[in-house]
Every structure is written in structure tokens, then in C-alpha cells.
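This report introduces selected local features of one structure to a reader who has not met it before.

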Amino acid sequence: PLACDLSDLNSVRAFTGALHAHLQGADGALRVLVANAGVMGTPFGLTKQGFMLQPGTNHLGHALLVDLALPLLKERGGRVVVVGSAEAKNGVFDEVDYTDLSASVEERGYQRQRYTSRCLKFASYANSKLGNVVYGMQVARELEGWNRAHPGRAVTINMLHPGCLDTDITRNLGLVSFINYLATKLIQIATAEGAAYVTQLCLAPEVAEVSGEWFHLGYQAAFPAHLLHPTTTEPLMKHTRRIIDPYKMARNASTASCGSGSAQA
């Protein structure tokens with residue numbers, strides 16, 4: 001297995017590079033990418049690059065992963081499924097989620113105090129999940145031209161709330177976690193059922209040409225329009241790209257170098 005730490009953008013870049021080499025060696029292709037891993041309600045912490053842990057891992061890590069995987073998916077066509085959460089509907093754009101806090105002890109201390117005293121664990125999670133949806137929908141729009149020009153190699157991307165699953169993702173929420181455990185036992189579904197919804201988007205013929213959509217459980221649904229207003233989406237996309245683009249350029253340079261070496265050999 002190939003290791004990928006989504007809280008470290010260098011690790012994400014290394015992973016996609018290793019995946020590219022592996023697929024070339026096996027004469028294979030990437031047909032499906034499921035962006036599923038994530039954290040919820042963690043104590044205050046930073047990613048390797050100094051960003052808030054939840055948006056940095058759940059959103060920035062996945063955004064870079066998807067962008068770097070697109071060339072592999074375009075080789076033969078494929079699907080991206082971003083496993084999100086209905087909590088995205090409670091998210092907002094918060095510039096601090098896109099601020100490198102490692103450089104300033106004062107700012108880091110202030111944000112730690114703010115995060116703890118205002119109990120922003122869940123809000124930070126919701127923000128990260130909103131980032132997943134907004135970014136996924138934007139990537140889908142950017143792929144429209146490619147898909148029209150290359151119908152046999154089209155790439156789709158959809159976002160999904162798989163349900164309230166019986167997992168330990170809320171383990172960091174303390175008392176909230178216990179209350180959540182009692183409340184959600186009434187509506188929880190088995191992880192196998194949630195996985196079936198993911199598999200549906202990965203493989204079902206009826207959604208083969210559907211892209212840029214939000215799915216709630218197994219059904220296509222509307223996402224709140226006010227959260228897709230430019231006042232939210234434009235700064236979110238601007239700051240996301242500002243952060244991840246340098247890692248994409250470094251990966252592209254590495255790929256070009258490897259390609260030239262192979263050609264000369």
C-alpha cells in the first residue's frame with residue numbers, strides 16, 4: 001500500500017507521484033478516486049504546513065489530491081467521489097482556515113484560545129466539509145470542456161453525504177460526543193450501507209455522466225444556494241488555490257523531468 005498523510009501537502013504530492021509510477025509500471029490506469037479520509041472535532045492542532053488541522057486535512061489535503069490525480073484519471077476516464085457531510089450546510093468561509101499559523105506565536109495562541117473557548121471544533125469541521133463541496137463543484141465545471149472534447153475519457157466528480165454512520169469519527173468531541181452517540185443511535189446506519197452509496201457513485205451506469213452534483217444518501221439533492229454564492233465560493237477557491245498550487249507546480253516539474261529521463265533512456 002502507498003502511504004498518504006492528508007495533513008501534509010508534501011505527503012500528498014509524494015503519494016500521487018508514487019501512484020503515477022506504480023500505474024505506469026503495472027500498465028494500469030486510475031479509474032476511481034474516493035476522497036474519504038478525514039478528521040472531526042479534533043483538539044486544536046496544525047497541519048505540517050501550519051494550517052488549522054480540520055480544514056487543512058479534510059479540505060486542502062483532498063483538494064490537492066484530486067488536482068494531482070486528474071491527469072491519471074484523464075488517461076482513460078474515471079470518477080471522483082468526495083465523501084462529505086451534511087454538516088457542510090452549516091459551514092462558512094473563515095479566512096483563518098487558510099492562514100499559516102506556524103509563523104506567528106501570537107496569532108497561533110490567539111486562534112488556539114478562540115478555538116477552545118468558543119468550542120469551534122464542530123464549526124471547523126463544517127467549514128472543511130463546505131470546502132469539499134465548493135471545490136468539487138468548481139473542478140466539475142473546469143472539467144466540462146475536457147469532457148466534451150474527450151467523451152471516451154471523461155472525468156466526473158460528485159459529492160456525497162453517506163449518512164450518519166456507525167463509526168468512531170466523533171470520538172474527539174468529549175461530552176458532545178457522548179450526547180451525539182446517544183442521539184445518533186436512533187438514526188445511524190451501518191457502515192456497509194454508507195459504503196454502498198459510495199460504490200453507487202463509483203460504478204452505477206445511471207450516474208456515469210452526472211458531475212458536479214450533491215448526493216444525500218443515494219439520491220441527487222439540491223445544495224443550499226446561498227452557500228454557493230460568489231461571496232463564499234470566490235474567496236474559498238482563491239485561498240485554496242493559493243495554498244495548493246505551488247505543490248502542483250512542483251509535482252508537474254518532477255513529472256516532466258522523469259518523463260524526459262525515460263525518453264532519453
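The text below treats one loop residue, one helix and one residue with an unusual backbone angle.

This is a predicted model, in which local features need pLDDT of at least 70 and side-chain atom pairs pLDDT 80 or more, while totals for chains, interfaces and linings use all residues. Residues are numbered from 1 along each chain, and side-chain values use heavy atoms, without hydrogens and water.

**Asp-97.** Asp-97 is buried (under 20% relative accessible area; exposed is over 50%, partly exposed in between, with a 1.4 Å probe and protein chains only). It has no salt bridge (a side-chain nitrogen of Lys or Arg within 4 Å of a carboxyl oxygen of Asp or Glu). The table lists two side-chain partners of Asp-97.

| Partner of Asp-97 | Relation | Distance |
|---|---|---|
| Arg-114 | nearest side chain of opposite charge | 6.4 Å |
| Asn-127 | polar contact (N or O atoms within 3.5 Å, one able to donate a hydrogen and the other to accept it) | 3.2 Å |

**Helix 6.** Helices are DSSP runs (H or I) of at least four residues, and strands (E) of at least two. The end C-alpha atoms of helix 6 (residues 191–203) are 18 Å apart, which agrees with the span expected for 13 residues at 1.5 Å a residue. Gly-194, Tyr-197, Val-198, Leu-201 and Cys-202 are its buried residues. Seen down the axis, these fall within an arc of 145° (taken from the directions to the C-beta atoms), so they line one face of the helix. Exposed Ala-192 and Leu-203 sit on the face turned away from that buried side.

**Leu-217.** Leu-217, in the loop between strand 4 and strand 5 (219–221), has a positive phi of about 60° although it is not a glycine. Its relative accessible area is 27%, so it is partly exposed.

Methods: Lys, Arg positive; Asp, Glu negative; His and termini not counted. Expected span 1.5 Å × (residues − 1).
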